[in-house]
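Colleague: I am new to this one and would love a friendly tour. Could you show it to me and then take my questions one at a time?

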Amino acid sequence: MYKSSRTNRFLQTVKENETDIIFICDTNGRITMANPVCLQVIGDHEENLIGTSFHLLFSADQQEDLYDILKQAEKAKARPVKTKADIKTLQGDYETYEFHLHSINISGILHGILFIGRKLKRGQRTRELHKPSRLLDREGFEYQLAQKLNRADRTPNHFSIVLIQINGLHKVKETLGKSGDMQAFEEIRKRLESVLPKQTWIARISTYTAAVLLEEMKERKEIKKVCEQIIETIQKSIYVSGQEFYPAAAIGVCCYPIAGNSPQQLLKNGRIALYYAKAGTHQNIVFHTDQMNMEMEKRADLERCLRRGVENNQFFLVYQPIIYSSTGQMKGCEALIRWRHPKWGIVSPMDFIPIAEETGLIQPLGRWVLNNACRQVKEWHKAGYSSISVFVNVSACQLNDSKFLDYVKEALKESGLKAQYLHLELTESIMLERSGELVTMLKELRTMGVRLSIDDFGTGFSSFSYLKDFPVHSLKIDRSFIQHLHGDSKDLAIVHAILSMGQRMGLQVVAEGVESNHQMSMLSGMGCDFVQGYFIQKPLEARRFSSWLKKRDKDSQRLH
């Protein structure tokens with residue numbers, strides 16, 4: 001792993017430590033080594049862990065904190081950075097460890113971060129419980145929860161844990177630093193106290209997550225009413241150092257005794273409910289149910305199988321044609337990944353892509369798609385279909401990889417495909433970040449000749465104002481606007497506006513999801529450049545796509 005034999009000997013000695021959790025991650029946060037103690041605690045094998053994101057070992061509500069800590073450790077060089085975090089154990093519970101993070105610098109170059117974690121004893125976890133502001137830390141909250149459970153054993157009663165994810169505060173920290181962050185959370189605490197019953201315990205259990213121990217409330221509607229008041233007060237704009245910020249909140253609730261009878265189980269189920277509240281549904285207040293645990297177990301099983309699927313070549317590509325709406329000639333195709341599981345059959349990308357993004361498996365999967373798509377299109381060029389381009393979806397996770405540009409160059413070089421025939425499809429959410437690094441990377445891709453397209457345009461925060469800042473070539477109108485395309489539909493007005501503005505900006509426009517001749521005619525009449533959908537052809541594996549191309553050629557020759 002490292003060139004220095006002395007370094008390797010040191011790391012081997014560290015790895016054989018029999019008391020502490022130890023693992024190493026690279027500069028992208030991917031685990032490269034884990035010791036037996038770590039593997040025993042989490043209940044996994046090292047080969048399954050290698051290459052995954054380090055944050056997956058920890059509680060979801062601490063992951064943003066840990067990324068911040070990781071960046072601190074990268075800058076700290078000689079001195080370790082300390083933090084406390086909850087590790088998810090084999091039993092599904094969480095245990096608190098104190099971690100020391102050491103940067104691994106060899107010849108002045110950062111190679112990774114060494115994590116050394118020691119489990120905290122109960123006495124260490126409960127020292128700083130009482131603070132003047134009554135704002136507890138995570139350990140203090142767990143202590144108060146344990147005390148409450150002890151009393152409940154003697155005098156049965158009901159209480160709830162309310163976990164609150166506060167979004168938008170990261171902008172305070174980025175703008176005003178740690179002092180601004182503390183001021184903002186102090187304001188959040190005061191707002192919470194204003195809507196909660198007196199003597200309610202409030203904790204800050206991670207950078208952007210608060211916890212509330214809500215007592216003497218049995219009825220769900222009563223608890224929900226308090227949660228609605230919490231969201232309402234948090235979402236009011238907040239002023240810090242004269243600047244205005246806009247927080248938002250999501251809430252996960254679990255109730256004693258139905259959601260558990262230990263601090264660990266209650267917090268675990270509270271985190272699961274919060275995960276669902278943050279998952280992008282229309283509900284931002286979610287109560288825990290046993291069904292959620294079953295779904296999370298299924299998700300964990302899917303993740304394990306996904307990892308094995310990558311190793312065992314269970315993935316394949318299908319290609320859906322994209323044609324000129326005016327002439328019907330071939331423009332290219334979109335490469336779409338599919339998973340053929342030996343037991344479950346074909347698994348929907350909607351099920352496995354989000355997990356791949358969360359676990360970091362999207363990186364090897366994305367490279368595999370890019371390499372194989374370029375290789376296949378080059379084969380079609382050799383067979384005489386020299387004008388075919390390929391559209392490949394790229395996630396935000398892939399673009400955040402500092403080596404992404406190298407991966408694109410490598411795919412083009414190895415396949416021999418010219419850059420102008422590769423179209424990378426990016427989502428609107430990626431565009432809205434407007435980071436300097438992203439713009440620089442996209443400009444370099446354009447300079448290489450690679451084409452850039454905005455996928456599913458119209459479903460996010462569609463604005464033509466941000467397009468002028470990015471070197472994009474085309475837009476793909478989301479299929480949801482095409483499905484109900486008729487003379488008096490609102491979708492028709494939206495599609496017409498996108499086409500008009502796109503053409504004015506010199507952007508080509510592709511319509512996805514075309515399923516009828518009527519839709520095809522309307523889009524062609526409005527001047528849409530390209531169309532894609534089942535009316536033209538469903539996605540096909542490469543061999544069947546080749547046969548379809550040959551049949552089109554024969555049909556065309558017959559007509560002429």
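**Strands, rings and confidence**

Modeller: Happy to. In this predicted model, strand β7 (residues 159–167) and β9 pair in the antiparallel sense over 7 bridges.

Colleague: Which residue of β9 stands opposite Phe-159?

Modeller: Phe-159 lies in strand β7, and β7 pairs with β9 in the antiparallel sense. Opposite Phe-159, in β9, stands Glu-215.

Colleague: How many bridges join strand β8 to β9?

Modeller: A hairpin of 2 residues leads from β8 to β9, and the two strands run antiparallel. One facing pair is Ile-202 with Val-212 in β9. The number of bridges joining β8 (residues 201–206) to β9 is 5.

Colleague: How many of the 7 residues of strand β9 are buried?

Modeller: Strand β9 covers residues 209–215. It pairs with β7 and also with β8. It is largely enclosed by the rest of the structure, because the buried residues number 6 of the 7.

Colleague: Back to β7, please. Over how many bridges does it pair with β12?

Modeller: β7 and β12 run in the antiparallel sense. One bridge places Asn-167 against Ala-248 in β12. The pairing of β7 and β12 extends over bridges numbering 9.

Colleague: In which sense do β12 and β13 pair, parallel or antiparallel?

Modeller: Strand β13 spans residues 285–287 and shares 3 bridges with β12. Within that pairing, Val-253 has Phe-287 in β13 as its bridge partner. The sense of the pairing between β12 and β13 is parallel.

Colleague: How many of the 9 residues of β12 are buried?

Modeller: β12 pairs with β7 and with β13. Among its residues is Tyr-256, which is buried with a relative accessible area of 10%. The strand is largely enclosed by the rest of the structure, because its buried residues number 8 of the 9.

Colleague: Now the rings. Is the aromatic pair of Phe-159 and Tyr-256 stacked or tilted?

Modeller: A pair of aromatic rings is described by the distance of the centres and the angle of the planes. For Phe-159 and Tyr-256 the centres are 4.8 Å apart and the planes make 10 degrees. Planes under 30 degrees apart count as stacked, so the pair of Phe-159 and Tyr-256 is stacked.

Colleague: How many residues apart in sequence are the parts that this pair ties together?

Modeller: Phe-159 is buried, at a relative accessible area of 1%. It lies in strand β7, whereas Tyr-256 lies in strand β12 (residues 248–256). The pair therefore ties together parts whose separation in sequence, in residues, is 97.

Colleague: What about Tyr-97 and Phe-99: is that pair stacked or tilted?

Modeller: The structure holds 19 aromatic pairs. In the pair of Tyr-97 and Phe-99, the ring centres are 6.1 Å apart and the planes stand at 40 degrees, so the pair is tilted.

Colleague: Which residues do ring pairs link into a cluster with Tyr-97 and Phe-99?

Modeller: Tyr-97 is buried at 5% relative accessible area, and Phe-99 is buried at 1%. Ring pairs link these two into a cluster with Phe-23, Phe-54, Phe-58 and Phe-115.

Colleague: Over which ring does the charged end of Arg-204 sit?

Modeller: There are two such arrangements to look at. The charged end of Arg-220 sits over the ring of Phe-287, 4.2 Å from its centre. For Arg-204, the charged end is 3.9 Å from the centre of the ring it sits over, that of Phe-185.

Colleague: Which strands stand at the edges of the open sheet β2-β1-β5-β4-β3?

Modeller: The sheet has 5 strands with antiparallel pairing. Inside it, β4 (residues 94–106) and β5 (residues 109–119) are joined by 10 bridges, with His-100 opposite Ile-116 in β5. An edge strand has a single partner, so one side is left without a neighbour in the sheet; the edge strands here are β2 (31–34) and β3 (81–88).

Colleague: And where is the pLDDT below 50?

Modeller: The chain has a mean pLDDT of 84, and 88% of its residues reach 70 or more. One stretch with pLDDT below 50 has 17 contacts in the model beyond near neighbours in sequence: residues 123–133.

Key. Residues are numbered from 1 along each chain as its sequence is written. This is a predicted model: local features need pLDDT of at least 70, side-chain atom pairs count only at pLDDT 80 or more; totals for chains, interfaces and linings use all residues. Side-chain values use heavy atoms; hydrogens and water are left out. Buried means under 20% relative accessible area, exposed over 50%, partly exposed in between (1.4 Å probe, protein chains only). Helices (H or I, at least four residues) and strands (E, at least two) are DSSP runs, numbered from the N terminus. Two strands pair if DSSP finds at least two bridges between them. Rings of Phe, Tyr and Trp (its six-membered ring) pair if their centres lie within 6.5 Å; planes under 30 degrees apart count as stacked, over 60 as edge-to-face and the rest as tilted. A charge sits over a ring if NZ of Lys or CZ of Arg is within 6 Å of the ring centre and within 35 degrees of the ring normal. pLDDT is the predictor's confidence in each residue, from 0 to 100. Contact means heavy atoms within 4.5 Å.
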